[in-house]
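Visitor: Could you walk me through this model and tell me what stands behind the words you use for it?
Guide: Gladly, let us look together.

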Amino acid sequence: MSTSQIYPVYKVKMKLSIQDPDMPAPRYHTILFVQTNEQGPRSGIKHHVTGDIVTGMHYEQVKYDDPEIDENFFSKDLIGHTRALNYPKNWNDILKSIPAPPKQKAFNKVTMKTEPVKSWDPVSFYGPREPRRPLIKCTEWIEDQAIPILINAGLIHIDPFSILNELASTGKAFKENETGSREALIKHSRALIAALELLSEFIQRTFWAELAQSAIIRLAVDVHLFQHFQEAAPTGRSPTSLSEKTGVEVNLLTHLARHIVAMKVLAFHSDTFHGTALSNALVEE
């Protein structure tokens with residue numbers, strides 16, 4: 001095996017015969033599948049947690065044929081790739097260290113149903129309208145823990161196109177006002193930047209653009225710059241008008257304003273600077 005060989009890594013979802021009434025439907029069994037082709041074309045190894053949340057789940061690594069021929073197959077999305085060197089030991093060392101979803105349900109003798117547990121010592125259950133902690137199963141373990149940890153450890157190298165697919169699906173969820181979709185869009189957007197950004201661009205952004213932005217915003221707040229934009233909406237203000245309002249020299253002010261236009265704090269069109277939802281929010285703060 002070549003030390004430079006790589007394996008594609010997929011997030012695979014399988015249909016469930018029974019849905020959990022205490023979790024939003026539809027739910028799927030979610031696994032990480034590394035295609036090694038060792039047992040045949042498109043075969044590999046699946047990494048997942050199995051079991052239930054009445055007794056607790058556990059991590060498992062299993063050789064697996066092509067997931068697309070499984071009768072319960074639902075979807076298969078490319079995440080990125082992993083190096084063949086030291087696989088699967090390096091994966092198992094990390095995934096075994098991530099706590100699997102613990103027991104989170106028990107049988108309620110009052111309602112005669114298996115329900116989410118509020119506390120274990122002593123065992124108590126939620127009331128009819130009482131807010132509940134979100135339940136954690138295989139999907140949450142894979143998406144919120146295993147994938148980010150493997151990426152941070154350098155064991156999954158992200159494919160930008162997989163992130164674009166996630167952005168597209170999350171965008172649909174955001175359009176339908178699904179809970180958590182806004183935060184997920186931000187997370188995927190940052191992941192896309194991290195996957196595409198060159199080292200030189202990262203250094204420029206981190207050690208110059210963002211540091212300068214903080215200082216410029218501090219100055220802008222002191223001279224009430226954002227308030228002037230809010231008052232001038234929707235026509236905006238020219239550099240000369242801004243200079244007169246703030247007392248800041250016009251060339252310097254133009255240079256500083258263009259920097260935070262590039263950082264999406266302000267907008268610039270038709271030879272005038274304009275406020276944004278973000279700059280208006282800074283006025284309120």
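What follows is a short talk about a cavity, a sheet, a helix pair and some unusual backbone spots.

Guide: This is a predicted model, where local features need pLDDT of at least 70 and side-chain atom pairs count only at pLDDT 80 or more, while totals for chains, interfaces and linings use all residues. Residues are numbered from 1 along each chain as its sequence is written, and side-chain values use heavy atoms, with hydrogens and water left out.

Visitor: What makes a space in the structure a cavity?
Guide: On a 1 Å grid over the protein atoms alone, a cavity is a set of points where a 1.4 Å probe fits but cannot get out. The structure holds 1 cavity of 30 Å³ or more. About 40 Å³ of space lies in the largest cavity; a volume here is the space filled by probe spheres set on the points, which are joined across faces, edges and corners.

Visitor: Which residues line the largest cavity?
Guide: A lining residue has an atom within 4 Å of a point. Those of the largest cavity are Ile216, Leu219, Ala220, Val223, Leu225, Val248, Leu253, Leu256 and Ala257. Helix 5 (199-222) and helix 8 (250-262) each give at least two residues to this lining. Helices are DSSP runs of H or I with at least four residues, strands are runs of E with at least two, and both are numbered from the N terminus.

Visitor: How many residues of that lining are nonpolar, polar or charged?
Guide: There are 9 nonpolar, no polar and no charged residues in the lining. Ala, Val, Leu, Ile, Met, Phe, Trp, Tyr, Cys and Pro count as nonpolar, Asp, Glu, Lys and Arg as charged, and the others, Gly among them, as polar.

Visitor: How do you know that strand 7 and strand 8 pair?
Guide: Two strands pair if DSSP finds at least two bridges between them. Strand 7 (residues 113-120) and strand 8 have 3 bridges in the antiparallel sense, so they meet the definition. Val117 has Phe125 as its bridge partner in strand 8, and Trp120 stands opposite Val123 in strand 8. On the other pairing, 4 bridges join strand 6 to strand 7, again antiparallel, with Ala106 opposite Glu115 in strand 7.

Visitor: Why do strand 6 and strand 8 stand at the edges?
Guide: The open sheet of 3 strands has the order 6-7-8, with antiparallel pairing. Strand 6 (105-108) and strand 8 (123-125) each have a single partner strand, so one side of each is left without a neighbour in the sheet.

Visitor: Why are helix 3 and helix 4 called roughly antiparallel?
Guide: The axes of helix 3 (residues 160-175) and helix 4 (residues 181-196) come within 9 Å and cross at roughly 160 degrees. That makes helix 3 roughly antiparallel to helix 4, because angles over 145 degrees count as roughly antiparallel. Axes are lines fitted to C-alpha atoms, for helices over the stretch in contact, and angles run from 0 to 180 degrees between N-to-C directions.

Visitor: What makes the backbone at Pro26 and Asn37 worth a look?
Guide: The peptide bond from Ala25 to Pro26 is cis, with omega near 0 degrees, and Pro26 is in the loop between strand 1 (6-15) and strand 2 (28-35). Asn37 has a positive phi of about 65 degrees although it is not a glycine.

Definitions and conventions: On a 1 Å grid over the protein atoms alone, a cavity is a set of points where a 1.4 Å probe fits but cannot get out, and a pocket is an open set with protein on both sides within 12 Å along at least five of seven lines; lining residues have an atom within 4 Å of a point. Angles under 35 degrees count as roughly parallel, over 145 as roughly antiparallel, 65 to 115 as roughly perpendicular and the rest as oblique.
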